[in-house]
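Subject: Structure handover

Hello,

Here is the structure I promised you. Please open it first, then read my notes below.

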Amino acid sequence: MNAWRKHKGNPKPILERVPVPETPPTGFLVKLLASGVCHSDQALLDVEDRPQFDEKYILGHEGCGEILQIGDQVNDPSFKLGDRIALLAVPGCGEATCSECSRDLDQLCPNGKHHGIGQDGFYAEYVAIDVRGAIPVPDAVPSTVAAVATDAVNTAYHGITRRAEVKKSETVFLFGLGGLGFNAMQVVQHIGARVLVSDLRAEKLEAAAKHGIPREDIVPAGTSIPEFVINSGLQGKIDTVLDFVGTSQTFHDGQQIVRPGGKILCIGTLDRKNEVDMKIGIRKRLSFIFSYGGQKRDLVEVLDLIAKGVIRPQVETKGLLDFPQVLKDLCDGKIKDRVALVAE
Ligand SMILES: [Zn+2]
Ligand SMILES: [Zn+2]
């Protein structure tokens, strides 16, 4: 089968013919129907400092596929041949003895599979996965959307609902309306909290307006965020900042605008290092919250919300062979939302 692999020491993805994997006893052989392209694919191509990563592995950590074969130890009747499933890249091992799974931190599991993140992932025609990483896809959800839901929606959902615990009564400021941020906006709208949004791209702000964000809650591109907050009478009223950008500028502005006792959720990592103003952090008694990925129960809820039309992820479709160009366009800011690759 065709697959895009990362070779240690080489920052370029390599298209190769590799064998179709065998069906695992506790899982499925899956024919991939769609795989989402993520900004972190570039980081994965660049990093060489993760010794636990395989020397060569197939990239891609957002997937949706169809069950081709079922392992002989799988006895969960909710899965049948031909079913469509969303693929969780890091489902955890689930063992009671696991340092992380035993503390409900499956996405940090050091033992289970990490598809597309150091081990074989989804930029291929087939993949072998454990039943723990499979979530049935409702009929109303297209495969391309289900693929990006596993990370671009699920990471936003987990961060907002389970880490920052955003409530309906809150006023939220969201930095970034990209691949994750636009979904984050819809999650906050679903919760019912007021959400102010900012992005450098005017077309993303227009899309937010079309999606029901009132004009007065959209920061015009190029405007100073702290000034906008003061001029809108919102000084001291922003309960939670959602930083889906993570530049030194957004992280700085977030600390300025958040209210005393407020929270800052860190998801974006465009700058590797950002500065905490210790005085502001202490005087305001802020909570800085980091989040990574999401879990199976989040993805079940996410797919249900998508099936009901509550969250509508924006996805474009390209061919599997287009991966390098799509990734370049994504890094150059030329992709509006998310791209899912499908095998030709
Ligand atoms: Zn990702
Ligand atoms: Zn584990």
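How many bridges join strand β3 to β7, and do they run parallel or antiparallel? There are 5 bridges between β3 (residues 27–37) and β7, and the two strands run antiparallel. One bridge pairs Gly27 with Asp130 of β7. Please keep in mind that this is a predicted model.

Stay with β7 for a moment. This strand spans residues 126–130 and has two faces. Val127 and Ile129 form the covered face. Tyr126, Ala128 and Asp130 sit on the uncovered one. Asp130, the partner of Gly27, is thus a residue of the uncovered face.

Next, helix α3. It covers residues 181–191, and 9 of its 11 residues are buried, so the rest of the structure largely encloses this helix. The buried residues are Gly181, Phe182, Asn183, Ala184, Met185, Gln186, Val187, Val188 and Ile191. What do they pack against? Two helices are on the list, α2 (143–163) and α4 (202–210). The strands there are β9 (171–175), β10 (194–198) and β11 (238–243). After α3 comes Gly192, with a positive phi near 100°.

Now the empty space. The model holds 3 cavities of 30 Å³ or more.

The largest cavity has about 70 Å³ of space. Lys6, Lys8, Val47, Glu48, Asp49, Arg50, Phe53, Asp54, Glu55 and Tyr57 line it. Which classes make up this lining? Charged residues number 7, nonpolar residues 3, and there are no polar ones.

The second largest cavity has about 40 Å³. Its lining includes Val148, Pro313, Asp337 and Arg338. Phe182 and Asn183 also line this cavity, and both are among the buried residues of α3. By class, the lining has 3 nonpolar, 4 polar and 2 charged residues. Why does this cavity lie between two domains? Domain 1 (2–153 + 293–342) and domain 2 (165–290) both give residues to the lining, so the cavity lies between them.

One pocket to finish. The second largest pocket has a volume of about 260 Å³. It is lined by 14 residues. Gln52, Phe53, Cys109, Pro110 and His114 lie nearest its centre. The lining divides into 6 nonpolar, 7 polar and 1 charged. Phe53 appears here and also in the lining of the largest cavity.

Best wishes

Technical notes: Residues are numbered from 1 along each chain as its sequence is written. Chains are lettered from A and ligands numbered from 1 in the order in which they are written. This is a predicted model: local features need pLDDT of at least 70, side-chain atom pairs count only at pLDDT 80 or more; totals for chains, interfaces and linings use all residues. Side-chain values use heavy atoms; hydrogens and water are left out. On a 1 Å grid over the protein atoms alone, a cavity is a set of points where a 1.4 Å probe fits but cannot get out, and a pocket is an open set with protein on both sides within 12 Å along at least five of seven lines; lining residues have an atom within 4 Å of a point. Grid points are joined across faces, edges and corners, and a volume is the space filled by probe spheres set on the points. Ala, Val, Leu, Ile, Met, Phe, Trp, Tyr, Cys and Pro count as nonpolar, Asp, Glu, Lys and Arg as charged, and the others, Gly among them, as polar. Domain bounds come from an automatic or database domain assignment. Buried means under 20% relative accessible area, exposed over 50%, partly exposed in between (1.4 Å probe, protein chains only). Helices (H or I, at least four residues) and strands (E, at least two) are DSSP runs, numbered from the N terminus. Contact means heavy atoms within 4.5 Å. Two strands pair if DSSP finds at least two bridges between them.
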